[in-house]
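Trainee: Could you take a close look at one part of this model for me, the cysteines and whether they pair up? I'd like the reasoning spelled out, and then a word on whatever else you find worth a look.

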Amino acid sequence: MSTPLAAVRAVLARRADEPGALLPILHEVQDQLGCIPADVVPEIAGALNLSRAEVHGVITYYHHFRSEPAGRHVIQVCRAEACQALGADALLAHAERRLGCRSHSSSADGRYTLEPVFCLGLCASSPAIVIDERLHARVSPAAFDRLIGALEEDTAEAAR
């Protein structure tokens with residue numbers, strides 16, 4: 001089993017010479033490791049002749065990238081204007097209570113990660129969320145509870 005640093009070095013060996021390599025590298029590292037650990041940022045920066053601050057800035061700017069592993073299920077709540085106008089703020093607050101974690105964090109049991117995002121492209125069907133890369137439109141707090149309940153049932157079924 002390779003270490004995170006070995007995995008990053010393999011990605012860098014393949015991609016460092018590509019034009020605009022930083023984003024593809026970050027995507028591939030996160031796909032392989034589940035996140036972009038802070039201790040690999042200097043390696044990425046050095047390979048691309050960037051500062052650690054530049055690489056860190058890109059990681060923190062884009063909501064897709066994370067520095068810590070995500071929970072088993074990633075829930076994204078749209079915070080764009082159309083969704084806010086139709087109840088996204090209340091939905092996000094409800095999600096925090098239901099999942100037991102704040103935005104930009106994971107539940108203590110590692111089951112859920114809650115991320116606010118800006119514009120999922122479902123403005124006409126607001127408020128919108130994504131659960132594990134699957135879009136859901138017109139989500140009320142009650143609908144949210146049903147969706148999370150279905151995840152919990154699937155998890156319980158798989159454990160049997």
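Mentor: Let's settle one term before anything else: a residue is buried when its relative accessible area is under 20%, exposed when that area is over 50%, and partly exposed in between. Keep in mind, too, that this is a predicted model.

Now the cysteines. By that yardstick C35 is buried, since its relative accessibility comes to 5%. Its closest cysteine sulfur belongs to C101, and at 17 Å that is too far for a bond. C119 is the trickier case, as the sulfur of C123 is its nearest cysteine sulfur and sits 3.9 Å away, yet C119 is in no disulfide. The cut-off explains it: two cysteine sulfur atoms have to be within 2.5 Å to count as a disulfide. C119 also has another setting than a buried one, because at 44% relative accessibility it falls in the partly exposed class. Searching the whole structure gives the overall tally, which is 0 disulfides.

On to the aromatic rings, where the burial classes come in handy again. The structure has 2 aromatic pairs. One of them joins Y61 and Y62, edge-to-face, with 4.9 Å from centre to centre and 90° between the planes. Y62 also pairs with F65: their ring centres are 6.2 Å apart and the planes again stand at 90°, so this pair is edge-to-face as well. Put together, the ring pairs tie Y61, Y62 and F65 into a cluster. Now walk through it by accessibility. Y61 is exposed, at 64% relative accessible area; Y62 is partly exposed, at 36%; and F65 is buried, at 7%.

Last stop, the helix pair. Helix α1 covers residues 4–15 and helix α2 covers residues 22–33; their axes come within 10 Å and cross at roughly 145°. That crossing of α1 and α2 is right-handed. If you want to pick out the contact on screen, select P4, A7, V8, V11, L12, R14 and R15 on α1, then P24, I25, E28, V29, Q32 and L33 on α2. Sorted by character, the residues where α1 meets α2 come out as 9 nonpolar, 1 polar and 3 charged. Among the α1 residues in the contact are R14 and R15, and E28 is one of those from α2.

So, back to what you asked: C35 has its closest cysteine sulfur 17 Å off, too far for a bond, and C119, with the sulfur of C123 at 3.9 Å, is in no disulfide either.

Methods
Residues are numbered from 1 along each chain as its sequence is written. This is a predicted model: local features need pLDDT of at least 70, side-chain atom pairs count only at pLDDT 80 or more; totals for chains, interfaces and linings use all residues. Side-chain values use heavy atoms; hydrogens and water are left out. Rings of Phe, Tyr and Trp (its six-membered ring) pair if their centres lie within 6.5 Å; planes under 30 degrees apart count as stacked, over 60 as edge-to-face and the rest as tilted. Buried means under 20% relative accessible area, exposed over 50%, partly exposed in between (1.4 Å probe, protein chains only). Axes are lines fitted to C-alpha atoms, for helices over the stretch in contact, and angles run from 0 to 180 degrees between N-to-C directions. Helices (H or I, at least four residues) and strands (E, at least two) are DSSP runs, numbered from the N terminus. A crossing is left-handed if the near helix is turned anticlockwise from the far one by less than a right angle, and right-handed if clockwise. Contact means heavy atoms within 4.5 Å. Ala, Val, Leu, Ile, Met, Phe, Trp, Tyr, Cys and Pro count as nonpolar, Asp, Glu, Lys and Arg as charged, and the others, Gly among them, as polar.
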